[in-house]
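This report examines one protein chain, moving from individual residues to the fold as a whole. The sequence and structure are shown first.

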Amino acid sequence: AHGLEVVHFSRTASRLTQEDPAQTAPLGHGTDSINVVDLVGLKVTGDPNVPSGQITCVVSTRPISEPYVCRCRFPCACPEDSSGLRAVFPARLQTAQHGFVNPRYNEAHVASLEEGSLLLI
């Protein structure tokens, strides 16, 4: 952990077509393409691995269709049911070695809770 970080989120729009490799399910009968909006998190403050000015995460605004199942395998504070869960969104988090060497994106999820909090899972 590197301490508290400030991240600025902005929206980016793109067009997703039936043939797009990122499209994992049919768009629907008669639909050729849809507009997709992602939230992009740009680091205002950085750390030794991913510095200020770099993208730290990209969160899709299209919720995943399957409910989230906790896979932490450790005793945790995960809720036993999903009653407080609004939606779960796919995300990609950027990580790198010290000095921003070998940056790469890792799959993650962001959960939206009824109380208004976001939880990175």
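## Leu39 and its surroundings

In which strand does Leu39 lie? Leu39 belongs to strand 2. The model discussed here is predicted, and every value below is computed from it. With a relative accessible area of 30%, Leu39 is partly exposed.

Setting aside residues up to four places away in sequence, Leu39 touches Phe9, Ser10 and Arg11 as well as Cys57, Val58, Val59 and Thr61. A further distance links this position with a remote part of the sequence: Leu39 and Ala91 are 52 residues apart along the chain, and their C-alpha atoms are 9.2 Å apart in space.

## A nonpolar surface patch

Which residues make the nonpolar surface patch? Val7, Phe9 and Leu39 form it, and the patch covers about 220 Å². Phe9 is also one of the residues that Leu39 touches.

Val7 is located in strand 1, which spans residues 7-17. Its relative accessible area is 30%, so Val7 is classed as partly exposed. Leu39, the patch member from strand 2, is likewise given a relative accessible area of 30%.

## Salt bridges

How many salt bridges does a search of the whole structure find? The search returns two. Side chains of opposite charge can pair when their charged atoms come close.

One of these bridges joins the side chains of Glu5 and Lys43, with an N to O distance of 2.7 Å. Glu5 is in the segment before strand 1, whereas Lys43 is in strand 2 (residues 33-43), so this pair ties together parts that are 38 residues apart in sequence. Glu5 is partly exposed at a relative accessible area of 25%; Lys43, by contrast, is buried at 5%.

The side chains of Lys43 and Asp47 also meet in a salt bridge, again with 2.7 Å from N to O. Asp47 has a relative accessible area of 14%, which means that the residue counts as buried. Through shared partners, the salt bridges join Glu5, Lys43 and Asp47 into one network.

## Tyr105 and the charge over its ring

Tyr105 is part of strand 5, which covers residues 101-113. Its relative accessibility is 38%, so Tyr105 counts as partly exposed. Leaving out residues up to four places away in sequence, the contacts of Tyr105 are Ile55, Arg92, Leu93 and Gln94.

Two of these contacts can be described further. What lies over the face of Tyr105? Arg92 does, at 5.8 Å from the ring centre. Leu93 is 12 residues from Tyr105 along the chain, and the C-alpha atoms of the two are separated by 5.2 Å. As for pairing between aromatic rings, the count for the structure is zero, taking ring centres within 6.5 Å as the criterion.

## Positive phi angles

Phe100 is not a glycine, yet its phi is positive, at about 60°. This residue is placed in the loop between strand 4 (85-97) and strand 5. Phe100 counts as partly exposed, at 24% relative accessibility.

Asn102, another residue other than glycine, also has a positive phi, near 55°. Asn102 lies in strand 5. Is Asn102 buried or exposed? At 52% relative accessibility, Asn102 counts as exposed.

## The chain as a whole

What secondary structure does the chain contain? There are six strands and zero helices. Read from the N terminus, the order of elements is β-β-β-β-β-β.

The chain has 121 residues, of which 23% count as buried. About 8,800 Å² of the chain is exposed, and carbon and sulfur atoms supply 55% of that area. Among contacts with a separation of 6 or more, 49% are between residues 24 or more positions apart.

Conventions:
Residues numbered from 1 in each chain as written. Predicted model: local features only at pLDDT ≥ 70, side-chain atom pairs only at ≥ 80, totals over all residues. Heavy atoms only, no water. Patch = residues over 30% accessible without salt bridge, like charges linked within 9 Å, V, L, I, M, F, W, Y side chains within 5 Å. Areas by Shrake-Rupley, 256 points an atom, 1.4 Å probe, with all protein chains shown as cover. Salt bridge = Lys/Arg side-chain N within 4 Å of Asp/Glu carboxyl O. Helix = DSSP H or I, 4+ residues; strand = E, 2+ residues; numbered from the N terminus. Buried < 20%, exposed > 50% of the residue type's maximum accessible area, 1.4 Å probe, protein only. Contact = heavy atoms within 4.5 Å. Phe/Tyr/Trp six-rings, centres within 6.5 Å; stacked < 30°, edge-to-face > 60°. Lys NZ or Arg CZ within 6 Å of the ring centre and 35° of its normal.
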